[in-house]
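The exercises below are meant to be worked with the sequence and the coordinates side by side. Try each task before reading its solution.

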Amino acid sequence: MADQPQSAAPAASAKNSFADQALTVVRRFAPGVEKIEKLARLSGGASQETWSLTVLASGAPQRMILRRAPAGLPVVEKISLETEAALMQAAEKAGVPSPHVHYVVRPEDDFGRGFFMSHVEGEALGRKIVRDEMFAAVRPKLARQAGEILARIHAIDPAGLPELPRVKPAEEIATLFQNYRRWSDPRPVFELAFRWLSGRMPPADAQLRLVHGDFRNGNMLVRPDGVAAVLDWELAHVGDPMRDLGWICTGAWRYSVIDKPVGGFGERADLIAGYEAAGGAKVDPEVLRFWETLGSLRWGVMCIGMGFRAKQSDRPVEMSMIARRTSENEIDLLRLLAPRGA
Amino acid sequence: MQDRPSPIELLAAVAHFLRTEILPTLSGHHAFQTRVSCNALDLIARQIALEPAADAAEVARLTALLGHDGTLESLNQEIAIAIADGRATLETPGLADHLWATTLAKLAVDQPQYGSYKREIARDAKQ
């Protein structure tokens, strides 16, 4: 994975005992394991951790990833790690490239909450995927693959999954509007976008499906032969499936390669063709435009929120600087709603 | 009157020091956060340089649009409410131009490397 180990390692004694605890849990699903090595914290916030580790048994060393929340810390506004694991298992079964979930931590393990999954090689950094020579040959194929993957995700029956939040478009927009008004000085471009969207709401009876919620360039691992894994299910919910198609087209995830609307690597027509060919519903380009516009507004409000919470964060400079990217969404909204020289 | 070096010159000196002498000694989390901190110093310098003229132009546009003067904060709030109410729309003469000019002025400070901004600036340069 592209994540760099961060300097958040606990003191040596605590780390040893954590490694011992981790080994005990690993042996629940892999009894032959002799030891674990290279246990290192990857990126992660205060309430959720991601660890990398190498498991040594009789065969070849096996790299794994541990997603974990320490006991007692609530996971706010996101699905639980147990639900995240269940979604990844369902996705793998449905043919979505996905890390394999080895084990979901149980209460009796006394190891907080979380799960172990396989380590998948691949690039996660969007700006490399859109520019690096290494991916030049695969880039034209990624939009179609993304469409196929989304069709498979949206075909998963939510009835067989843990309870997920249900979010209708009007509810999401109402929440975004409240947050924007609470956190920000008036922004005329955002007001324009909210008004534009409210006049073009998708029909309220649109079929609700499993929605990944953060399906974009940056949340999938890409190799020179294609998408190797879909990651980051923590914003998954049951909602309008077109939301996922619009989000991967949203300006922010093009990493400044603005003429490739799908993730900075591909064309909308290929995304739609892949989606429809793999069993997804017919895509109306105007509906896609609605969700792409909402995507820029959503990321804009999220940027504002980063600034609002920066002082309480352990990364206040980074969060504050993300807040100053709100204007990127204003220019993308204007390019959608009031294009110049059109 | 304050003496030189000016705030912009001091910021440039601090950012240069951090980039050339401190950053190479760091890795991982601290290298990343220091790089972001240097970007923040650059942003502040751009804002000091560009904000006064941009704000004055924004007030002038809003005064023309709304037909009266006021502070930038109050005029901006008034146009935002007019858009939310539907009294001001993209068909309102001058509104789209105002939104574009204001947004480009923000990007010039916030993120002048952003792809959409560079495209729109290149369009202006051609005309």
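**Exercise 1: The interface between the chains**

Task: Establish how many residues of each chain take part in the contact between chain B and chain A, and describe which elements of chain B supply the side that touches chain A.

Solution: Begin with the count, which in this predicted model places 32 residues of chain B in contact with 32 residues of chain A, where a contact requires C-beta atoms within 7 Å. Next, assign the residues of chain B to their elements: α2 (28–66), α3 (72–85), α4 (95–110) and α5 (115–126) of chain B each contribute at least two residues to the side that touches chain A. Within that side, α2(B) provides the largest share, with 9 residues. Finally, sort the side of chain B that touches chain A by class, which gives 14 nonpolar, 13 polar and 5 charged residues.

**Exercise 2: The fold and dimensions of chain B**

Task: Characterise chain B by its secondary structure, and set its radius of gyration against that of a compact globule of 127 residues.

Solution: First, list the elements: chain B has 5 helices and 0 strands, so that its order from the N terminus, by the DSSP runs on which the elements rest, reads α-α-α-α-α. Second, turn to dimensions, where the C-alpha trace of chain B spans about 55 × 40 × 30 Å along its principal axes. The radius of gyration of chain B is 19 Å, whereas a compact globule of 127 residues would have one near 14 Å. Third, consider burial and contact range: 15% of the 127 residues of chain B count as buried, and among its contacts between residues at least 6 apart in sequence, 47% join residues at least 24 apart.

**Exercise 3: The domains of chain A**

Task: Locate the domains of chain A, and work out how the contact between them is made up.

Solution: Start from the domain assignment, which gives domain 1 (19–118) and domain 2 (126–337) of chain A. The centres of these two domains, taken over C-alpha atoms, are separated by 27 Å. Their contact draws 16 residues from domain 1 of chain A and 17 residues from domain 2 of chain A. On the side of domain 1 that touches domain 2, the residues of chain A comprise 11 nonpolar, 3 polar and 2 charged.

**Exercise 4: Confidence**

Task: State what confidence the predictor gives the complex and chain B.

Solution: For the complex, the predictor gives an ipTM of 0.97 and a pTM of 0.89. For chain B, the mean pLDDT is 96, and 100% of its residues reach 70 or more.

How values were computed. Residues are numbered from 1 along each chain as its sequence is written. Chains are lettered from A and ligands numbered from 1 in the order in which they are written. This is a predicted model: local features need pLDDT of at least 70, side-chain atom pairs count only at pLDDT 80 or more; totals for chains, interfaces and linings use all residues. Two residues are in contact if their C-beta atoms, placed from the backbone, lie within 7 Å. Helices (H or I, at least four residues) and strands (E, at least two) are DSSP runs, numbered from the N terminus. Ala, Val, Leu, Ile, Met, Phe, Trp, Tyr, Cys and Pro count as nonpolar, Asp, Glu, Lys and Arg as charged, and the others, Gly among them, as polar. pLDDT is the predictor's confidence in each residue, from 0 to 100. Domain bounds come from an automatic or database domain assignment. The radius of gyration is taken over C-alpha atoms; the globule rule is 2.2 Å times the number of residues to the power 0.38. A residue is buried if 20 or more other C-beta atoms lie within 10 Å of its own, exposed if 12 or fewer, and partly exposed in between; C-beta atoms are placed from the backbone.
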